[in-house]
Amino acid sequence: QVQLVESGGGLVQPGGSLRLSCVASGFFISYYAMSWYRQTPGQERELVAANPFSGSTNYADSVKGRFTISRDNAKNTVHLQMNSLKPEDTAVYYCNAQRVNVFWGQGTQVTVSS
C-alpha cells in the first residue's frame, strides 16, 4: 500500500524553526521526484520546495534561503527544514511524490504566530 506520512508540524513563534518529515511506504523515493507543497484556506496548493533528483533542488522565491529540502533514500524519507519562519508561512504542508504516478500525504499543519 502506497503511503506518504508527514510529521513535524506545530505552532512556532516568528523567527523559529521546524523540521518536517515525510516517510514513504509502498514505493522507493529514489525513483521519484519529491516535493513539498503548502496550502492555506481558499488558496491553491503551491510548490514550496522540490528535489527532482538527488543533489538538485528548487525553491519558491518566498522561501529561498530559509527552507531546505533533503532526502534520505536509505530511510525512504524526505525532510523540509524551515528556518526564520514568518506568519505567512502558516499553512498545511503536503509531501508529494511524482513519477508516472503522483502520490500525496495527508498534510501537517504549520502555524507561525506569537
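**Figure 1. Strand β3 and its two antiparallel partners, β8 and β1.** Six bridges join β3 to strand β8 (residues 77-82), and the two run antiparallel. Within this pairing, L20 has L80 of β8 as its bridge partner. The model shown here and in the other views is predicted. Strand β3 (residues 18-25) is also joined to strand β1 (residues 3-7), by five bridges and again in the antiparallel sense. On that side, Q3 is matched with S25 of β3 as its bridge partner.

**Figure 2. The whole chain, for orientation of the close-ups.** The protein contains eleven strands and zero helices, so that its elements, read from the N terminus, run β-β-β-β-β-β-β-β-β-β-β. The C-alpha trace spans about 40 × 25 × 25 Å along its principal axes. A compact globule of 114 residues would have a radius of gyration near 13 Å, and the protein agrees with this because its own value is 13 Å. Of the 114 residues, 41% are buried. Among contacts with a separation of 6 or more, 54% are between residues 24 or more positions apart. The exposed area is about 6100 Å², of which carbon and sulfur atoms supply 49%. There are 9 positive and 7 negative side chains, and the centres of these two sets lie 7 Å apart.

**Figure 3. Strand β11, its alternating side chains and its two partners.** Which side chains of β11 (residues 108-112) are buried? T108, V110 and V112 point to one face and are buried, while Q109 and T111 point to the other face and are not. Strand β2 (residues 10-12) is joined to β11 by three bridges, and these two strands run parallel. L11 has T111 of β11 as its bridge partner. Strand β9 (residues 91-98) also pairs with β11 over three bridges, here in the antiparallel sense. In this pairing Y93 stands opposite T108 of β11. T108 is thus seen twice in this view: as the residue opposite Y93, and as one of the buried side chains of the strand.

**Figure 4. G10 and its contacts with residues far along the chain.** G10 belongs to strand β2, the strand that runs parallel to β11. How far apart are G10 and V110 in sequence and in space? They are separated by 100 residues in sequence, but their C-alpha atoms are 5.0 Å apart. Leaving aside neighbours within four places in sequence, G10 is in contact with L18, Q109, V110 and T111. Q109, V110 and T111 are residues of β11, where V110 points to one face and Q109 and T111 to the other. The relative accessible area of G10 is 24%, which means that G10 counts as partly exposed.

**Figure 5. Two loop residues with positive phi, N76 and S84.** N76 lies in the loop between β7 (67-72) and β8, and S84 in the loop between β8 and β9. Phi of N76 is near 55°, a positive value in a residue other than glycine. For S84, also a residue other than glycine, phi is positive and near 50°. Is N76 buried or exposed? N76 is buried, because its relative accessible area of 12% is under the 20% limit. S84 has a relative accessible area of 42% and is therefore partly exposed.

Conventions: Residues are numbered from 1 along each chain as its sequence is written. This is a predicted model: local features need pLDDT of at least 70, side-chain atom pairs count only at pLDDT 80 or more; totals for chains, interfaces and linings use all residues. Side-chain values use heavy atoms; hydrogens and water are left out. Two strands pair if DSSP finds at least two bridges between them. Helices (H or I, at least four residues) and strands (E, at least two) are DSSP runs, numbered from the N terminus. The radius of gyration is taken over C-alpha atoms; the globule rule is 2.2 Å times the number of residues to the power 0.38. Buried means under 20% relative accessible area, exposed over 50%, partly exposed in between (1.4 Å probe, protein chains only). Contact means heavy atoms within 4.5 Å. Accessible areas come from the Shrake-Rupley method with a 1.4 Å probe; for residues, only the protein chains shown count as cover. Lys and Arg count as positive and Asp and Glu as negative; His and the chain ends are not counted. The place of a charge is taken as NZ of Lys, CZ of Arg, CG of Asp or CD of Glu.
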